[in-house]
Amino acid sequence: MSAASASTAALSLPQARALQLHAQGLLQPPRRRPRRTDVVAAIERMRLLQIDSIHVVARSPYLVLHSRLGDYPMAWLDEALADGRIAECWAHEACFVGARDLAPHRAWRERGSHWAQRHAERMHREHRPAMDALLARIRESGPVLASDFPREDRGVSGWWEWKPEKRWLEAWFALGELMVPRRERFQRVYDLAERVLAGLDPPFEPSTLDSAQLRRHFILDGVRALGVAQARWVADYFRLKPAVTACELAPLVASGELLETAVRGWDVPGYVHCEHAAALQRARDGRLRATHTTLLSPFDPLVWDRARALAMFDFDYRIECYVPAPKRRYGYYVLPILHRGALVGRLDAKAHRAEGMFEVKALFLEPGVEPAPRLVDELAAAVERAARWHGTPRIRLGRCRPAALGPALRRAWKAGAG
């Protein structure tokens with residue numbers, strides 16, 4: 001199929017959603033039990049996996065994979081890092097990327113294109129002797145954790161109260177001198193980049209792309225990960241600056257690397273990577289059917305761009321864990337609910353691991369979404385799967401909107417137990 005024929009008919013919005021879910025690995029539920037290799041494959045498909053340490057439920061990277069792979073052992077992600085099949089770097093934010101995708105990220109970092117790089121450079125200017133001494137220690141004595149350095153102000157804690165050594169380690173990580181060969185209880189182990197790079201699989205080869213070529217690389221990768229995208233959404237995926245415009249994408253359309261398609265209801269074109277040409281045609285023909293129901297991480301690529309989630313799914317989503325409690329609308333750690341191609345609601349969850357209890361503090365369906373039997377059954381199954389995977393198989397359900405959803409879910413769980 002030619003690029004011209006691929007871009008003739010407009011997509012409906014549900015068809016565009018299906019194409020995006022296909023690209024993200026969220027279109028249909030897994031058809032088989034997960035394998036270790038699926039972890040790296042999923043990260044490579046998304047092009048990155050954002051890291052966040054909040055763990056009222058499973059930490060975000062594990063939960064993002066669960067949405068796509070189902071009931072997999074969380075240790076597989078840790079093993080993939082320790083085996084050198086994935087690596088950590090700054091991308092959208094701090095992320096895991098496939099080992100084969102690391103070279104352009106390191107080359108992009110060397111050009112000072114990310115805010116973390118600029119912050120680290122300022123940190124080094126202000127604390128050069130201490131930072132250089134820390135790097136020398138690691139060179140001589142080997143890997144360290146931040147916990148290897150006792151803090152003097154023992155009563156202080158929190159993200160913004162890191163001890164100096166933690167800040168310096170993070171700065172060297174952003175500058176590329178240190179990398180993370182493994183994690184211990186999710187805490188970063190820091191070592192010299194040269195030693196970590198030597199253990200990657202496949203072997204690391206530095207990128208030879210110049211700045212313009214690297215930007216083009218990340219533009220194409222962003223569109224590929226999104227399935228279909230408006231130009232204004234592309235830059236956010238890898239935090240590119242300046243913003244990507246239709247004029248910048250026009251040569252990529254002319255070369256056939258991107259396909260341009262209309263989407264009904266959009267006042268701008270959509271762009272599709274040429275690797276998704278067949279999927280684009282299947283979407284247009286109505287043959288990409290969204291059948292997956294699952295809970296998403298707040299940091300899932302599908303929803304982390306608020307403007308994109310609103311335009312694509314009519315879903316206004318804000319990560320409220322960073323919002324003062326009195327100003328929260330839905331809760332601290334709210335998981336979007338994906339159901340058959342639509343974002344139909346959200347739930348505020350907490351895994352009480354010692355008690356084996358998965359608490360759904362509150363569950364909200366979107367306005368206009370009715371608790372139809374299929375939605376109730378598939379949502380009940382999705383919550384049950386998530387609870388069991390967390391090792392918290394008992395479910396406690398709090399308030400629901402609409403109120404009738406609560407009894408319906410309890411009946412579904414009781415029927416399943418029977």
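Glu248 is partly exposed, with 28% relative accessible area. In this predicted model, Glu248 forms a salt bridge with Arg215, and the closest N and O atoms of the two are 2.6 Å apart. The pair connects distant parts of the chain: Arg215 belongs to helix H11 (residues 211-226) and Glu248 to helix H13 (residues 246-254), with their positions 33 residues apart in sequence. Arg215 has a relative accessible area of 11% and is buried, since buried means under 20%.

**Confidence**

The protein chain has a mean pLDDT of 94, with 95% of its residues at 70 or more. For residues 1-6 the pLDDT is below 50, and this stretch makes ten contacts in the model beyond near neighbours in sequence. Residues 156-160 also have a pLDDT below 50; here six contacts are found beyond near neighbours in sequence.

**Salt bridges**

Across the whole structure, a search gives 26 salt bridges. Side chains of opposite charge can pair when their charged atoms come close. Three of the pairs are listed below with their N to O distances.

| Arg | Acidic partner | N to O distance |
|---|---|---|
| Arg68 | Asp300 | 2.8 Å |
| Arg85 | Asp83 | 3.5 Å |
| Arg215 | Glu248 | 2.6 Å |

The salt bridge of Arg68 with Asp300 has its closest N and O atoms 2.8 Å apart. This pair too joins distant parts of the chain: Arg68 lies in helix H4 (residues 60-69), while Asp300 lies in the loop between S9 and helix H15 (306-313), 232 residues apart. Which state, buried or exposed, does Arg68 have at 7% relative accessibility? Arg68 counts as buried at that value, because the limit for this class is under 20%. Asp300, at 0% relative accessibility, counts as buried as well.

Arg85 and Asp83 meet through their side chains at 3.5 Å, N to O. Arg85 has 19% relative accessibility and counts as buried. Asp83, by contrast, is partly exposed at 46%.

Salt bridges also form a network, which links Arg47, Asp101, Asp221, Arg224 and Glu275.

**Sheets**

One open sheet has three strands in the order S1-S3-S2, and their pairing is antiparallel. Strand S1 (49-50) and strand S2 (86-90) are at the edges; each has a single partner strand, so one side of each lacks a neighbour in the sheet. Five bridges pair S2 with strand S3 (residues 94-98) in the antiparallel sense. Within this sheet, Ala87 is placed opposite Val97 in S3.

Another open sheet contains five strands, ordered S9-S10-S11-S12-S13, with mixed pairing. Its edges are strand S9 (293-295) and strand S13 (394-401), each with a single partner strand, so that one side of each has no neighbour in the sheet. From one strand to the next, the twist averages 25 degrees. Strand S10 (residues 334-339) and strand S11 (residues 342-352) run antiparallel and are joined by six bridges. Leu335 is found opposite Leu347 in S11.

Strand S12 (residues 357-365) includes Ala362. With a relative accessible area of 3%, Ala362 is buried. What does Ala362 contact, leaving aside its neighbours within four places in sequence? The contacts of Ala362 are with Arg346, Leu347, Asp348 and Arg399. Leu347 is thus a contact of Ala362 and also the residue opposite Leu335. Between Ala362 and Arg401 the C-alpha to C-alpha distance is 8.2 Å, although they are 39 residues apart in sequence.

**Helix packing**

Helix H2 (residues 13-24) and helix H14 (residues 277-284) have axes that come within 9 Å and cross at roughly 145 degrees. The H2 and H14 crossing is right-handed. On the H2 side, Gln15, Leu19 and His22 take part in the contact; on the H14 side, the residues met are Ala279, Leu280, Arg282, Ala283 and Arg284.

Methods:
Residues are numbered from 1 along each chain as its sequence is written. This is a predicted model: local features need pLDDT of at least 70, side-chain atom pairs count only at pLDDT 80 or more; totals for chains, interfaces and linings use all residues. Side-chain values use heavy atoms; hydrogens and water are left out. Two strands pair if DSSP finds at least two bridges between them. Helices (H or I, at least four residues) and strands (E, at least two) are DSSP runs, numbered from the N terminus. Axes are lines fitted to C-alpha atoms, for helices over the stretch in contact, and angles run from 0 to 180 degrees between N-to-C directions. pLDDT is the predictor's confidence in each residue, from 0 to 100. Contact means heavy atoms within 4.5 Å. A salt bridge is a side-chain nitrogen of Lys or Arg within 4 Å of a carboxyl oxygen of Asp or Glu. Buried means under 20% relative accessible area, exposed over 50%, partly exposed in between (1.4 Å probe, protein chains only). A crossing is left-handed if the near helix is turned anticlockwise from the far one by less than a right angle, and right-handed if clockwise.
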